[in-house]
Amino acid sequence: MVALDVEAGLDSNPLVTGLERQPVRSTAVVIFGAMGDLASRKLLPGIYNLAHEGGLPERIALIGVSRSSMTDEEFRASARESIDRFSRRRPDPDVLEGLLANFSYVAGSFDDDGLYVRLRDALGTLDTGLGTPLNRIFYLSTAPEFFPVITGHLGAAGLNETDEADVRVVVEKPIGYDLASARAQNDAVLEYFDESQVFRIDHYLGKETVQNLMALRFANALFEPVWNRNFIDNVQITAAEDIGIGTRAGYYEGAGALRDLVQNHMLQLLALLAMEPPTAFEANRLRDEKVKVLEAIAPPAPEEVAAMAVRAQYGEGIVAGAESVGYREEPGVAEDSRTETYVALRLFINNWRWAGVPFYLRTGKRMARKLTEIAVTLRPVPHIAFQGPDSDGVQPNQIILTLQPDEAVSVSLGAKVPGTKMQIRPVNMEFHYGTSFLSESPEAYERLILDVMRGDATLFTRNDEVEALWRIIDPILAAWAQDTETPIPEYPAGSAGPSEADALLDGRSWRRL
Amino acid sequence: MSEARWAESDTSPERIEAALRELLRERHAENDALVPARVLNLIVIADREWRGEVVNRLERVGRYHPSRTILCTIEDDRRTIDGYARVSGDVSATGGVGVLRESVEIALGAVHTGRIDTIIDPILISELPTVVWSPHNRDEAVEALLPLADVILIDTDDPVFFDGPGAALARAADLLESNVDIVDLAWLRTIAWRERLAGSFSDPARAGLLDGLRRIYVRHHHGSIVSALLLTGWLASRLGWLPTALEPAAGGVRRATAARAGGGASIGIEFHPVAQAIRGLAGVTVSGSAGFSLSLERAPGGLIAREQRAGATPREWQLFGASRGEDGILGEGVRQALIRDHVYGPALQAARSFSQ
């Protein structure tokens, strides 16, 4: 079950040195759930765009797996439609036709042994036909309850390893719905696959701005000296959405904002922001540091939850000038639903660097605007030399990393207002990605698919990381599940969230959305 | 689209710079979501008579635009400086910032080229990297601009402006020695070929075959011998080969050999011009001992690979990749100005060995 060192050939090839795009071993990608939304919107267009840019390996084959019965040709037609519709660039007909010729389809129920026999035959035929053993990627673009079913059958069919190539399995979020189920899911996957073969995708980590967070911290001497409890007063991480749940009531009712965004994306941002510098930008060293900082966040005791976590649901309101219904009036949502559409948390990291610094996290749907940002607020200057009302404008410096809608970094500074008096006002020094790199970033999925092909797990979540994330969230979920009486606070759609969340801030204020 | 223009005859660099500042101020005042792009300065030195062609190429570079483009058009008899500036940009439909790009055009005379640095310097955004591109090889102007330049964009594949491939490669080498970085469009035309060759020999199924190569056969556009030399120079520099000078043969073919630094059988190299609509390479075949050969041919939608192994059925497959076209190559040149390529220098030196 240990990954083969077949990439070693890359190191001994002197032609590879200096290439911006490193070679990738020939690969067969098997997508379970190939007719699903994720495959249509992200995976197939992502693979096309890699082909367009010359990023795919020498030999590429894609096998779609789904329950529907269809021919290879019908699958190709469906894939063509998805790529035409969702690709970020207009497809080149010659590239697209050539790529589609390498697509095939295997139908079957995920719990049917026969499916895996057919799959093994199809993969074997590819190896023989192409004259080279292809690396294999099993992409589980399915509902999570199928992950153990599929990996179990892959293992039982001997598809979890080969003698001459690497086998990898890609698992989409959510990884469990609590700590126990995440552990069970990890255990099931790891029964047949080694951890080095497992790539748990959180597409947030494939975004350029998230990766830039590490560049900002570790490629600049400016920030690291103040990146600790001595200089930082508090950190606010916001992921606000202006949209509601749309047609996702079925999923969202069982998930809620805490599972949907906090347990993965937002805690990942926190970990990258707060971790110690890794000794090298290498998968396990980076993930070691993330795990360490996540483990330093003490999970709350049941009686502490109310004081550190606020949940709420959006009610009726006005969004972009139009009336908007409340969450419980959304189609598919129970009238007495207690699913939260808003969460605010106050967390502390109990280590030398961060002891005593509150990390405030908030996320919500149907809020005033779409905004994802990290705001690091420094402590006030120790002594204000500007006396009287002229000193009112002296505010603590803030470092703001915006991920959406613009990718930007800004630093607030106190500056003198022009005039005869020494009046101070905060001004912003801004860096916008769009102005300094006029290039189009690849879709997160393109980057991550290529990383899986390369076997680079840096931007993927390790099993102990998943468990560390759930360890923080689990007690909150448990406390909320037990409390079936306390009314869920409501915030008007189109607002900045419930006033109850202000109580978490110890007299501070949430940043304006 | 928000756009503002300014023009003045018989002007000065200071007035052009002041006009740019005013245009930016106006755009920002009109909409504070409009902010100036700050990627790099691109100085283009072009002959006046070819202005239209250069402007067209600049407009089609695709997504990799410089932020401030300064096009200097040279008329031999001109004595005065005319200036034109344009600031334009769009606010994103999804909100957020809109990026403004600045274009400056300066009409100059040949009399100005030797001191063109004093004209351009006040117009540059000083904290940004500065790229100089002289598609018509106005070397005097380029020399004058070297102290201001971080990167020189050059196309050593341009047969009109170089006295043969040796002169083109020598010019690139000279520039490389003057403490600027070089982005050579001829080199960029070889990217896909280099990536695919490197990828081919990273496949464990071809382990060891790289050491046994005996022949390199490169097909190229008539005007793209330098791309062919750079590709082969790259192979030589990476694999420790010592090339000999080119020898002409019938039909425009050129031949050379390369000795292995560690001894062993030499490598035969042949360059063959072919009819091809677009510039760059048309095909590469690398052959080795024991009947191995791998051929890459330009084709719609990428390259076609054909492999022959002793005793095995020949195989053929498509390597995917959409052609960038010449406009895309220039855009890639602008992008590459922001990164550093440490492999070009050794490849250039090896390529020069073919012409010495």
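These notebook entries record what I looked up in a predicted model.

**Entry 1. Conventions**

I number residues from 1 along each chain as its sequence is written, and letter chains from A and number ligands from 1 in the order in which they are written. For this predicted model, local features need pLDDT of at least 70, side-chain atom pairs count only at pLDDT 80 or more, and totals for chains, interfaces and linings use all residues, while side-chain values use heavy atoms, with hydrogens and water left out.

**Entry 2. Nonpolar cores**

I looked up the largest nonpolar core (a set of buried Ala, Val, Leu, Ile, Met, Phe, Trp, Tyr and Cys residues joined through side-chain atoms within 4.5 Å). It has 150 residues, of which Phe32(A), Tyr116(A), Leu119(A), Phe138(A), Leu267(A), Phe359(A) and Leu361(A) touch the most other members. Helix α9 (residues 249–274) of chain A gives the most to this core, with 14 residues. Helices (H or I, at least four residues) and strands (E, at least two) are DSSP runs, numbered from the N terminus. Another core, of 113 residues, lies apart from it and includes Leu24(B), Leu145(B), Ala149(B) and Trp234(B).

I then listed the contacts (heavy atoms within 4.5 Å) of Leu267(A). Not counting residues up to four places away in sequence, Leu267(A) touches Val262(A), Leu294(A), Leu347(A), Leu361(A), Leu469(A), Ile472(A) and Ile473(A).

**Entry 3. Salt bridges**

I searched the whole structure for salt bridges (a side-chain nitrogen of Lys or Arg within 4 Å of a carboxyl oxygen of Asp or Glu). The search finds 67 over all chains.

In chain A, I noted a salt bridge between the side chains of Arg248(A) and Asp260(A), at 3.7 Å from N to O. Arg248(A) lies in the loop between β7 (232–240) and α9, and Asp260(A) in helix α9, so the pair ties together parts 12 residues apart in sequence. I use buried for under 20% relative accessible area, exposed for over 50% and partly exposed for in between (1.4 Å probe, protein chains only). Arg248(A) is partly exposed at 36%, whereas Asp260(A) is buried at 6%.

In chain B, Arg86(B) forms a salt bridge with Glu3(B), their closest N and O atoms being 3.2 Å apart. Arg86(B) is in strand β5 (residues 82–90) and Glu3(B) in strand β1 (residues 2–8), so the pair ties together parts 83 residues apart in sequence. Both count as partly exposed, Arg86(B) at 22% and Glu3(B) at 30%.

I also recorded a network of salt bridges that links Arg57(B), Asp155(B), Asp157(B), Arg189(B), Arg279(B) and Glu326(B).

**Entry 4. Arg27(B)**

I located Arg27(B) in helix α1 (residues 13–30) of chain B. Arg27(B) counts as buried, because its relative accessibility is 10%. Leaving aside neighbours within four places in sequence, Arg27(B) is in contact with Ser2(B), Glu3(B), Ala4(B), Leu34(B), Val87(B) and Leu100(B). Glu3(B) is thus listed both here and in the salt bridge with Arg86(B).
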